[in-house]
Each structure stands twice: as C-alpha cells, then as structure tokens.
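The questions below ask why certain labels are applied to this structure. Each answer sets a value against a definition.

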Amino acid sequence: MSQTHPFKPIFDKNSKILILGSFPSVVSRKFGFYYTNPQNRFWQVLAGILNAPLPRSTDEKIDFLLASRIAIYDAAISCEIKGSSDAKMTAVAPANLEPIFSGARIAQVFSNGGKAHEICEKYLKAQILNATGKPPLKLPSTSSANANFGFERLVQDWVVVAEALKDG
C-alpha cells in the first residue's frame with residue numbers, strides 16, 4: 001500500500017546532527033510521531049548516550065531533541081510498504097532535506113539502520129555531501145527487528161552521535 005510520510009522533520013537553527021530513519025512504522029503512523037513503538041529502542045539509546053532522562057511525551061521528545069541539537073526525519077517521503085518492515089519497502093521516493101540543511105547547521109548525518117542508509121546512499125548522498133562535506137554514517141537500527149544488537153551494543157555504536165555533538 002502506498003504511504004506518504006505523515007510528519008514534519010524535527011529541527012531548529014541550532015540542530016547540529018541529523019538522524020534519518022527509513023520510514024515511520026505502522027505504530028508511529030498511528031500515534032503520529034517518530035519511534036512511538038515501545039519495542040523500538042531509539043529514545044532509550046539517545047537518552048543513554050547523552051546521559052539524559054528518558055523523554056516520554058511527544059513534547060518531551062521534541063524538547064529533548066532540540067535541547068540536544070539533534071534533528072530527526074526519515075530518508076523516504078513516500079513508499080509502497082506493507083506493515084512496518086523495511087524489507088517490504090518498494091517504490092521509494094526520497095525526502096527533500098533542503099529545508100533542514102537551509103534552516104540548521106547540520107554537521108553530520110547519521111542513518112538509523114541499513115534501509116535508511118541504502119536510501120541515503122542511493123538518493124540523498126550528493127545533497128548530504130553538499131550540505132555537510134561528509135558522507136552519511138550508518139548506525140545499527142534501533143528497531144526491535146535488529147535482534148543481533150542488544151541495548152548495550154547499540155549504545156556502544158551510537159556513542160558516535162554524542163561525540164559528534166561535542167566536536168566543534
């Protein structure tokens with residue numbers, strides 16, 4: 001079934017890091033915000049690497065991201081997808097990242113998982129390189145479907161986000 005991305009990117013002029021997922025899950029689309037499936041470890045990992053309390057409400061999550069200088073969006077603006085599995089994504093149309101790059105000082109883009117990184121490499125790499133001078137960096141997916149990565153291993157791999165926020 002064809003789906004169009006239902007939310008706006010989260011960023012402000014102070015955002016330094018952009019994290020791109022692939023496309024919102026069924027649960028996230030239902031609840032109207034990023035990473036709302038309680039099985040997804042995105043918010044726990046970010047809170048862990050930044051030594052911050054876990055944000056709970058949508059407003060707390062937005063405040064947490066902006067205070068941390070992190071922007072989030074997804075690499076696909078629309079796609080054909082059945083359920084939530086990235087493996088089932090076809091007919092991908094990439095997101096336009098220009099509003100984020102022109103409205104923030106993004107220094108590094110990270111992709112949350114393989115599919116997000118694949119979309120970045122295929123469709124968005126030139127735009128990302130033009131804006132940041134650096135290629136997108138692939139991080140292991142925070143999805144519960146990524147069973148190979150326990151929470152501790154995710155935190156170890158995602159600490160590069162916290163390090164990138166400290167640079168400069």
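Buried means under 20% relative accessible area, exposed means over 50%, and partly exposed lies in between (1.4 Å probe, protein chains only). The model is predicted: local features need pLDDT of at least 70, side-chain atom pairs count only at pLDDT 80 or more, and totals for chains, interfaces and linings use all residues. Residues are numbered from 1 along each chain as its sequence is written, and side-chain values use heavy atoms, with hydrogens and water left out.

Q: What makes strand S3 mostly covered?
A: Five of the five residues in S3 (residues 70-74) are buried. Ile70, Ile72 and Asp74 point one way from the strand, Ala71 and Tyr73 the other way, and all are buried. Strands here are DSSP runs of E, at least two residues long, and helices are runs of H or I, at least four residues long; both are numbered from the N terminus.

Q: How do you know that S2 and S3 pair?
A: Two strands pair if DSSP finds at least two bridges between them. Strand S2 (residues 17-21) and S3 have five bridges, in the parallel sense, so the criterion is met. One of the contacts between partners joins Leu20 to Tyr73 in S3.

Q: Why are S1 and S5 said to stand at the edges?
A: The open sheet of three strands has the order S1-S4-S5, with antiparallel pairing. Strand S1 (2-4) and strand S5 (90-94) each have a single partner strand, so one side of each is left without a neighbour in the sheet.

Q: What makes S4 and S5 a pair?
A: Three bridges join S4 (residues 76-80) to S5, and the two run antiparallel. Glu80 has Thr90 in S5 as its bridge partner.

Q: Why is the contact of Glu118 with Lys115 called a salt bridge?
A: The term requires a side-chain nitrogen of Lys or Arg within 4 Å of a carboxyl oxygen of Asp or Glu. The closest N and O atoms of Glu118 and Lys115 are 3.2 Å apart, so the contact qualifies. Both residues lie in helix H5 (residues 114-132), three residues apart, about one turn of the helix.

Q: Why is Lys115 counted as buried or exposed, and which class does Glu118 fall in?
A: Lys115 has 17% relative accessibility and therefore counts as buried. Glu118, at 45%, counts as partly exposed.

Q: How do you know that Lys125 forms a salt bridge with Glu121?
A: Their closest N and O atoms are 3.2 Å apart, which is within the limit. Lys125 is partly exposed at 29%, and Glu121 is partly exposed at 33%.
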